[in-house]
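Me: I have not looked at this protein before, and I would like to learn how to read its features one at a time. Could you take me through them, giving the general idea before each case?

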Amino acid sequence: MSCNLCHQTRFNLVANTDAKSGAPLNVYFCEFCGLIQQSPLPSADQLHDYYSTSYRLDYKGTWHPKPKHIFRSVRCARSRLEFLRKSGIRDGLLLDIGASSGEFVALARQAGFDASGVEPNQGYAEYARSEYHIPVTTAGLNQIEGQYDVITLFHVLEHLLSPAEVFQHLHSLLKPDGKLFIEVPWVLSGSIAPSNRYFKAHLYYFDVETLQASASAYFDVISTCVLGNLRMIMQPRPAIAPLSLPSADYLAALPARLHRQGWLNYLTHGGGFFKLADKVHRLWQENRVSRLRGREIITLCDRLPK
Ligand SMILES: [Zn+2]
């Protein structure tokens, strides 16, 4: 294997088991740039088939979104729109790649964006169109054309075969003064349970430095937010630049930082003990929406505190 980012070939093992299924799964970090990646990677055909068909079934147990998933999606969409607003991005032609059941596109349109989406899963894309009457097409990343003011990818990049190629393609889809908003799981977040950190669907695992480095040939980072997830807003470089890789100090500290991400850290520093109370509250809220449809859930969430 060679690293998707720096093309070097020296790796250290980070995990050898799929945390969700218990099946063998090898995840490594690159000694030269720190990017964490699965190996071997699936083929492009295998990946296409997986996301067109069984992915939602594997992880959500359904072909169509359940009310509790829509509820979570609405709350995430509101938080992401707030991040855009605070970053001074309030309107324009917006494309959400990996639009899922469409809640972000629906709320972005309400907020003033001319928003549309693409989603590889047919059931979810159909739901978005019929429930919210919004333009969500069933397409893969390579089929997208056009020039956008804002492109958003929420929990998509880590599922794709080559982050380097994704950034190249996204650069071609953005207007010169456009903005790219990416959110991925943060690999060093203490609030991810060890039972949830490394698994088959995620081919790459990003920290601030490695996400910035992956984009560095094509994008400058203008805003970063790290909580449970890692959010970045980037703008296209006027000309392609050489890659900017993480520093030697970062690479030297990475093994110890990865090693610390066990159950003890999760339960203490990561807030794991408090998650039980959070979960009870969330189950209560999700029970309230269990018979509602998407539009009703959006209306309900409009009345909840942000
Ligand atoms: Zn590398």
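Reply: Let us begin with burial, for which we need a cut-off: a residue is buried if 20 or more other C-beta atoms lie within 10 Å of its own, and exposed if 12 or fewer do. Please keep in mind throughout that this is a predicted model. In helix α5, which covers residues 122–132, the buried residues are Y124, A125, Y127, A128, E131 and Y132. Viewed down the axis of α5, these buried residues fall within an arc of 155 degrees, so they line one face of the helix.

Me: Which residues of α5 are exposed on the other side?

Reply: On that other side, Q122 and S130 are exposed. The residue that follows α5 is H133, and its phi is positive, near 55 degrees.

Me: What share of the 306 residues of the protein counts as buried?

Reply: For the protein, 36% of the 306 residues count as buried. The largest nonpolar core has 73 residues, and those with the most contacts inside it are L35, I36, V105, A108, A128, I151 and L180. Helix α3, residues 67–86, gives the most to this core, with six residues. To take one case, A108 is in contact with L81, L94, F113 and A115, once its neighbours within four places in sequence are left aside.

Me: How many helices and strands does the protein have, and how should I read the way strands are joined?

Reply: The secondary structure comes to 11 helices and 11 strands. As a general idea, strands of a sheet pair through backbone hydrogen bonds, either parallel or antiparallel. One open sheet here has four strands in the order β1-β2-β3-β9, with antiparallel pairing. Its edges are β1 (11–17) and β9 (204–205), each with a single partner strand, so one side of each is left without a neighbour in the sheet.

Me: Which residues stand opposite each other or turn the chain within that sheet?

Reply: Strand β1 pairs with β2 (residues 24–30) in the antiparallel sense over five bridges; the bridge partner of A15 in β2 is V27, and T17 stands opposite P24. The hairpin of β1 and β2 has six residues between the strands, and there G22 takes a positive phi near 80 degrees. Going on from β2, three bridges join this strand to β3 (residues 36–38), and the two run antiparallel, with Y28 opposite Q37. In the hairpin of β2 and β3, which has five residues between the strands, G34 takes a positive phi near 85 degrees.

Me: What is the strand order in the open sheet of seven strands?

Reply: The order is β6-β5-β4-β7-β8-β11-β10, and the pairing is mixed. At the edges stand β6 (136–137) and β10 (219–226), each of which has a single partner strand, so one side of each is left without a neighbour in the sheet. Within this sheet, β4 (residues 92–97) and β5 (residues 113–118) pair in the parallel sense over six bridges. The chain crosses from β4 through helix α4 (residues 103–111) to β5, and this β-α-β crossover is right-handed. Among the residue pairs, L94 stands opposite A115 and L95 has S116 as its bridge partner in β5. Strand β4 is also joined by four bridges to β7 (residues 148–154), which runs parallel to β4, and there the partner of D96 is T152.

Me: How should I read one residue in its surroundings, and why does L174 count as buried?

Reply: It helps to ask where the residue sits in the chain and then what surrounds it in space. L174 is found in strand β8, residues 174–185, and counts as buried because 22 C-beta neighbours lie inside 10 Å. Leaving aside neighbours within four places in sequence, L174 is in contact with Y148, I151, L180 and P236. L174 and Q147 are 27 residues apart in sequence, yet 5.2 Å apart in space, C-alpha to C-alpha.

Me: How much of the contact in the protein joins residues 24 or more positions apart?

Reply: Of the contacts with a separation of 6 or more, 66% are accounted for by residues 24 or more positions apart.

Technical notes:
Residues numbered from 1 in each chain as written. Predicted model: local features only at pLDDT ≥ 70, side-chain atom pairs only at ≥ 80, totals over all residues. Arc of directions from axis to C-beta. Contact = placed C-beta atoms within 7 Å. Pairing = 2+ DSSP bridges. Right-handed = clockwise from strand over helix to strand, strands pointing away. Core = buried A, V, L, I, M, F, W, Y, C linked by C-beta atoms within 7 Å.
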